[in-house]
Amino acid sequence: MDEMNYNSTDEIIKDENIDYETNKAANEEVEEKLDIKKEIMSWISILVIAVVAAAILDNFVIINANVPSGSMENTIMTGDRMIGNRLAYINDAPERGDVVIFKFPDNEEENFVKRVIGLPGEKVTIRDAHVYIDDNETPLEEPYLPEEWLNSNDGLEFNVPADSYFVMGDNRNISNDARFWNNTYVKKDKIIAKAVVIYWPMSDAGLIDGADYSVDKK
């Protein structure tokens, strides 16, 4: 009887050991599943944060734009992708020569990119393919023009309102710019960003230069 009781107890101990190992394996499996879930949630959180950050960046800090036409050649080529700085004019005003992205005055659902030529309150005269500011005898030096300026290049005069800018494309012969619009001037609050850099294609990549006009030097 004692031997049988001993064996019986031994079997019970063995059964308890089996239950312990089984429970341990089950717990480890549960923990492994929880770890996988935590890792997945961690990646989802990172992805959500990245998407939100990109949205904030794109809506409040930069603008990512594609240029579909050749109106700014050779400064910006057809098909170039560029980034504009939305914060450029929070404390500063656009300067003559800046390349800006703005709401098209004749249809604000469209964004345009052009170069600032006339500043608020100025008189802009176009005569014989040259631009004159406030009847200055010296025209603007415009080395960025890609070719001889032939289209709408003479006998034009514009008086820029105090809160607005007069803009033109660098490729004057094909540019749909302020010379032709029904609403001639771009209001400051309609300027979205300053065009800063071309990033694609790589052959065109680089900073978008402004201009240093002699008429503005003192």
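## Exercises: strands, rings and unusual bonds

Arginine 127 has histidine 130, in strand 6, as its bridge partner. We'll start from that bridge and work outwards. One thing before you dig in: this is a predicted model, where local features need pLDDT of at least 70, side-chain atom pairs count only at pLDDT 80 or more, and totals for chains, interfaces and linings use all residues. Numbering starts from 1 along each chain as its sequence is written, and side-chain values use heavy atoms, with hydrogens and water left out.

**Exercise 1. Find the order of the strands in the open sheet of three strands, and work out which strands stand at its edges.**

*Step 1.* Begin with the bridge between arginine 127 and histidine 130. Strand 5 covers residues 123–127, and it pairs with strand 6 in the antiparallel sense over four bridges. (A strand is a DSSP run of E with at least two residues, numbered from the N terminus; two strands pair if DSSP finds at least two bridges between them.)

*Step 2.* Now read across the sheet: the order is 6-5-7, and the pairing is antiparallel.

*Step 3.* The edges go to strand 6 (130–133) and strand 7 (156–159). Each of these has a single partner strand, so one side of each is left without a neighbour in the sheet.

**Exercise 2. Look at strand 8: is it enclosed or not, and which strands does it pair with?**

*Step 1.* Check how many of its residues are buried (under 20% relative accessible area, with exposed being over 50% and partly exposed in between, for a 1.4 Å probe and protein chains only). The count is five of the five residues, so strand 8 is largely enclosed by the rest of the structure.

*Step 2.* Next, split the strand by face. Ser164, Phe166 and Met168 sit on one side, Tyr165 and Val167 on the other, and all are buried, which leaves both faces covered.

*Step 3.* Look for partners. Strand 4, residues 111–118, pairs with strand 8 in the antiparallel sense over three bridges; here arginine 115 stands opposite methionine 168.

*Step 4.* Strand 9 is a partner as well: it runs antiparallel to strand 8, with two bridges joining them. Opposite tyrosine 165 you'll find valine 186, in strand 9.

**Exercise 3. Count the aromatic pairs in the whole structure, then describe the pair of phenylalanine 102 and tryptophan 181.**

*Step 1.* The search turns up seven aromatic pairs. (Rings of Phe, Tyr and Trp, using its six-membered ring, pair if their centres lie within 6.5 Å; planes under 30 degrees apart are stacked, over 60 edge-to-face, and the rest tilted.)

*Step 2.* For phenylalanine 102 and tryptophan 181, the ring centres are 6.0 Å apart and the planes make an angle of 55°, so this pair is tilted.

*Step 3.* Place both residues. Phenylalanine 102 is in strand 3 (residues 99–103), while tryptophan 181 is in the loop between strand 8 (164–168) and strand 9 (186–187), so the pair ties together parts that are 79 residues apart in sequence.

*Step 4.* Are the two buried or exposed? Phenylalanine 102 is buried at 0% relative accessible area, and tryptophan 181 is buried too, at 6%.

*Step 5.* Another tilted pair joins phenylalanine 158 and phenylalanine 166, at 4.5 Å centre to centre with 35° between the planes. Both of these phenylalanines are buried.

*Step 6.* Finally, follow the ring pairs along: they link Phe102, Phe104, Phe112 and Trp181 into a cluster.

**Exercise 4. Work out where the cis peptide bonds at asparagine 74 and proline 201 lie.**

*Step 1.* Glutamate 73 and asparagine 74 are joined by a cis peptide bond with omega of about 10°. Asparagine 74 belongs to the loop between strand 1 and strand 2 (81–85).

*Step 2.* From tryptophan 200 to proline 201 the peptide bond is also cis, with omega near 0°. Proline 201 is found in the loop between strand 10 (191–200) and strand 11 (206–207).

**Exercise 5. Describe the backbone and the exposure of aspartate 134 and aspartate 135.**

*Step 1.* Aspartate 134 has phi near 50°, a positive value in a residue other than glycine. For aspartate 135, phi is positive as well, near 60°.

*Step 2.* Where are they? Aspartate 134 is in the loop between strand 6 and strand 7, and so is aspartate 135.

*Step 3.* Aspartate 134, at 44% relative accessibility, counts as partly exposed. Aspartate 135 is exposed, with a relative accessible area of 53%.
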